[in-house]
Amino acid sequence: MSMSMLAAFWAVSVLFVITPGADWAYAISAGIRGRRVMPAVAGMLSGHLVATLIVAAGVGSVIAGAPGILTALTVAGAGYLLWLGIGMLRHPSALVVGQDEDAGSRLKWVLKGFCISGLNPKVFLLFLALLPQFTDVHAAWPLPLQMTALGLVHVISCGVVYLLVGYGSGTVLRTRPRAALNVSRISGGLMIIVAALLLAELCL
């Protein structure tokens, strides 16, 4: 796998990462809540890593060819995003500096983050569609190893952007309760919209 191919994949990967979605909304929510950005991001990155390993192992193509499994994954992911989004609308984050005792355990934020990315079929299908295109059958590395390396590049890009989003929102919004309240509601609404789009695609 050449450096030019790796750089090309990184450029495409970054375009997807910088597009706001449910992952951004979750990172912002963690930033507002206080010291929960790192566990939240770690959870989301774990979901991306699992998706990478599934595709690299060859299981991805099998699952992609089973409509029932993809449908179940889509429904589960959409349902989870709906639950989180409704919860954020009902109880928006509006904490100020020093008030993070009610933010929930770090493990809870890790698990939520993992579910947001791990149950999102878009993440899985993205890897399934992109990773094989940037591999080289004539390279010294076997294809699964090439896909894993590309997936790790994507995970690192996600980590950098999500941490910037999370800590940036925390710095800007935690001292502005009203703004934090509005952004939290917008994040919850965004999660609901993403969930609705996932379910709508099942009906097309």
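These questions and answers walk through a predicted model of one protein.

User: Which pattern does the protein follow, read along the sequence?
Analyst: The model is predicted. It has nine helices and zero strands. Read along the sequence, the pattern is therefore written with helix symbols, α-α-α-α-α-α-α-α-α.

User: What share of the contacts with a separation of 6 or more comes from residues 24 or more positions apart?
Analyst: Take one pair as an example. V14 and S157 are 143 residues apart in sequence, yet their C-alpha atoms are 6.5 Å apart in space. For the protein, residues 24 or more positions apart account for a share of 87%.

User: Is V14 buried, partly exposed or exposed?
Analyst: V14 sits in helix α1, residues 3–17. Its relative accessible area is 22%. Buried means under 20% and exposed means over 50%. Because 22% falls in between, V14 is partly exposed.

User: How much of the protein counts as buried?
Analyst: The cut-off is a relative accessible area under 20%. The protein has 204 residues. Of these, the buried share is 44%.

User: Which element gives the most residues to the largest nonpolar core?
Analyst: In soluble globular proteins, nonpolar side chains tend to be buried together. Here the largest nonpolar core has 29 residues. Elements that give two or more residues to it are α2 (22–33), α3 (37–56), α5 (67–90), α6 (106–118), α8 (143–173) and α9 (177–203). With seven residues, the element that gives the most is α2.

User: How many residues are in the second core?
Analyst: This core is separate from the largest one. It includes F124, F127, L130 and L150. Its residue count is 14.

User: Is I116 buried or exposed?
Analyst: I116 is in helix α6. It is among the residues with the most contacts inside the largest core. Its relative accessible area is 5%, and the cut-off is under 20%, so I116 is buried.

User: Which residues is I116 in contact with, leaving aside neighbours within four places in sequence?
Analyst: Y26 and M191 join I116 among the residues with the most contacts inside the largest core. Both also touch I116. The full set is A22, Y26, Y80, L81, L84 and M191.

User: What distance separates the C-alpha atoms of I116 and A40?
Analyst: Along the chain, I116 and A40 are 76 residues apart. In space, their C-alpha atoms are separated by 9.9 Å.

User: Which residue offers the backbone oxygen that the side chain of S117 reaches?
Analyst: S117 lies in helix α6. It is buried, with a relative accessible area of 5%. Not counting residues up to four places away, S117 touches G43, M44, G47, H48 and V123. Its side chain reaches a backbone oxygen at 2.8 Å, and that oxygen belongs to M44.

User: Which residues does Y162 contact, leaving aside neighbours within four places in sequence?
Analyst: Y162 is another residue with the most contacts inside the largest core. Its partners include V41, M44 and H48. The full set is V17, D23, W24, A27, V41, M44, L45 and H48.

User: How many disulfides does the structure hold?
Analyst: A disulfide is a covalent bond between the sulfur atoms of two cysteines. C115 is partly exposed at 24% relative accessibility, whereas C158 is buried at 1%. The number of disulfides in the structure is zero.

User: Which residue lies over the face of W109?
Analyst: A search of the whole structure finds one aromatic pair. Another ring feature involves W109. At 5.6 Å from its ring centre lies K112.

Notes. Residues numbered from 1 in each chain as written. Predicted model: local features only at pLDDT ≥ 70, side-chain atom pairs only at ≥ 80, totals over all residues. Heavy atoms only, no water. Core = buried A, V, L, I, M, F, W, Y, C linked by side-chain atoms within 4.5 Å. Buried < 20%, exposed > 50% of the residue type's maximum accessible area, 1.4 Å probe, protein only. Helix = DSSP H or I, 4+ residues; strand = E, 2+ residues; numbered from the N terminus. Contact = heavy atoms within 4.5 Å. Phe/Tyr/Trp six-rings, centres within 6.5 Å; stacked < 30°, edge-to-face > 60°. Lys NZ or Arg CZ within 6 Å of the ring centre and 35° of its normal. Polar contact = N/O pair within 3.5 Å; in protein donor to acceptor, adjacent residues only side chain to side chain. Disulfide = S-S within 2.5 Å.
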